[in-house]
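Trainee: I have a model open and many terms to sort out. Can we go through them together?
Mentor: Gladly. Let us look first.

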Amino acid sequence: MKLLEGKTVLVTGASTGIGRAAAVGAAKAGADVVINYHSRDDEAAACVAEIEAAGQRGLAIKGDVAAPETATEFVVKAVEAFGKVDVMVSNAGICPFHSFLDMPVETVQRTVQVNLLGGYFMCQAAANQMVRQGHGGALIAVSSISALVGGEYQTHYTPTKAGLHSLMQSTAIALGKHGIRCNSVLPGTILTEINKDDLADEAKRKYMEARIPLGRLGQAEDLAGPIVFLASDMAAYVTGAALLVDGGAFVNLQ
Ligand SMILES: NC(=O)C1=CN([C@@H]2O[C@H](COP(=O)(O)OP(=O)(O)OC[C@H]3O[C@@H](n4cnc5c(N)ncnc54)[C@H](OP(=O)(O)O)[C@@H]3O)[C@@H](O)[C@H]2O)C=CC1
Ligand SMILES: C[C@H](O)[C@@H]1OC(=O)[C@H](O)[C@@H]1O
C-alpha cells in the first residue's frame, strides 16, 4: 500500500517549484491531487499531466491566494471533483527581494497578503472541510529557514514565514481535538523560479553553497519526501512540528 493511497491532497502554488514537486510526490505516493496556481496555465497543465502520469487524478484551479474567497472556492471545487479533502499543503509564496529603508508599501502588503494571509485562509477553509468530514486530516505549511533567521533583502518576507510557522503551532492546538495535524516544513535555499535572479549572482550562489554541510543547494524534489511523510499516517503522532529541510545550513555556524 502506498503512503497516501486513498487520500485527496490539495497544494497551493503548484505550477512550479516546491509546490509542483509536492503535488507530483503526493501523486506518486498514491493521492489524487488538486492544485492551485496564479498565472502559469501551461505549467499548471504540465503538473496535472505529471500527476496523471503517476496514475492518479489531477485538477488545476487558478486563483490568487491573497483573496480569501479563493480558498473557499478551491476547497469547494476539490470536493466537487474528488469528494473530500485529506491534506492541505499551503505553499504559494513570493519573495521580491528589496532593501529595507526604501521598501515600497505595496511590496510589503502584497507579500503579507500572499504568503501569510493566503496561507491562513487556505488552511482555515481546508480545516473547516475536514471538520465537516469528521475523520481528521493534515495541514502542512511551507514556511522557511527564514522563519528562524533573517535576510537583509527579505525584511517583508521573513516575518511571513515566521507567521506560518506560528500558525501551524496554534492550529495544532485548535484542531487537535478534530484529529487534524498541523506541521510546517522549513526549506533552506532551494533552486526555483523564486530565487533565479538572486542566485544568478555567482558570488552569492557560491557563498550560499559554501554554507551547506551537504554541499549543494536544494532541489524542489528534496521537499517532496518530507511533505509526503508529514501528510501520511506515518506521522500520525506528529503535530505542531517544524521540519528543517536545508542540507544542514541552519546549524552551520562555524
Ligand atoms: N526556493 C526557496 O529557496 C524557498 C522557498 N520557500 C517557499 O516555498 C514556497 C514555494 O516557492 P518556490 O517553489 O521556491 O517558488 P516558485 O516561484 O517556483 O513557485 C511559486 C508558486 O506559487 C504560485 N503563486 C505565487 N503567487 C501566488 C498567488 N498570489 N496565488 C496563488 N499562487 C501563487 C506560483 O504560481 P504561478 O507560477 O502560476 O504564478 C507558483 O506556482 C514559497 O512559499 C516560498 O516562500 C521557502 C524556503 C526556501
Ligand atoms: C527565495 C530565497 O532564496 C529563499 O527563500 C527562503 O525562504 C530562503 O530563506 C531563501 O532565502
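**Reasons behind the terms**

Mentor: Start with one pair: Leu10 has Met88 in β4 as its bridge partner. Keep in mind that this is a predicted model.

Trainee: What makes β1 and β4 a strand pair?
Mentor: Pairing needs at least two bridges. Strand β1 (residues 8-11) and strand β4 (residues 87-90) have 3 bridges, in the parallel sense. The condition is met.

Trainee: Where do these strands sit in the sheet?
Mentor: The order is β3-β2-β1-β4-β5-β6-β9, an open sheet of 7 strands with parallel pairing.

Trainee: Why are β3 and β9 called edge strands?
Mentor: Each has a single partner strand, so one side of β3 (58-62) and of β9 (242-245) is left without a neighbour in the sheet. On average, neighbouring strands here are turned by 15 degrees against each other, direction ignored.

Trainee: What makes the Ser144 approach to ligand 2 a polar contact?
Mentor: The cut-off for a pair of N or O atoms is 3.5 Å. An N or O atom in the side chain of Ser144 is 2.5 Å from an oxygen atom of ligand 2. That is within the limit. For Ser146 the distance to a ligand 2 oxygen is 2.4 Å, and for a polar side-chain atom of Tyr157 it is 2.6 Å. The protein buries 89% of the 290 Å² that ligand 2 exposes when taken alone.

Trainee: How many residues of each class surround ligand 2?
Mentor: The shell has 5 nonpolar, 5 polar and no charged residues. Gly188 is among the residues around ligand 2, and Gly counts as polar.

Methods: Residues numbered from 1 in each chain as written. Chains lettered and ligands numbered in written order. Predicted model: local features only at pLDDT ≥ 70, side-chain atom pairs only at ≥ 80, totals over all residues. Heavy atoms only, no water. Near = heavy atom within 4 Å. Polar contact = N/O pair within 3.5 Å; in protein donor to acceptor, adjacent residues only side chain to side chain. Areas by Shrake-Rupley, 256 points an atom, 1.4 Å probe, with all protein chains shown as cover. Helix = DSSP H or I, 4+ residues; strand = E, 2+ residues; numbered from the N terminus. Axes fitted to C-alpha atoms, helices over the stretch in contact; angles between N-to-C directions.
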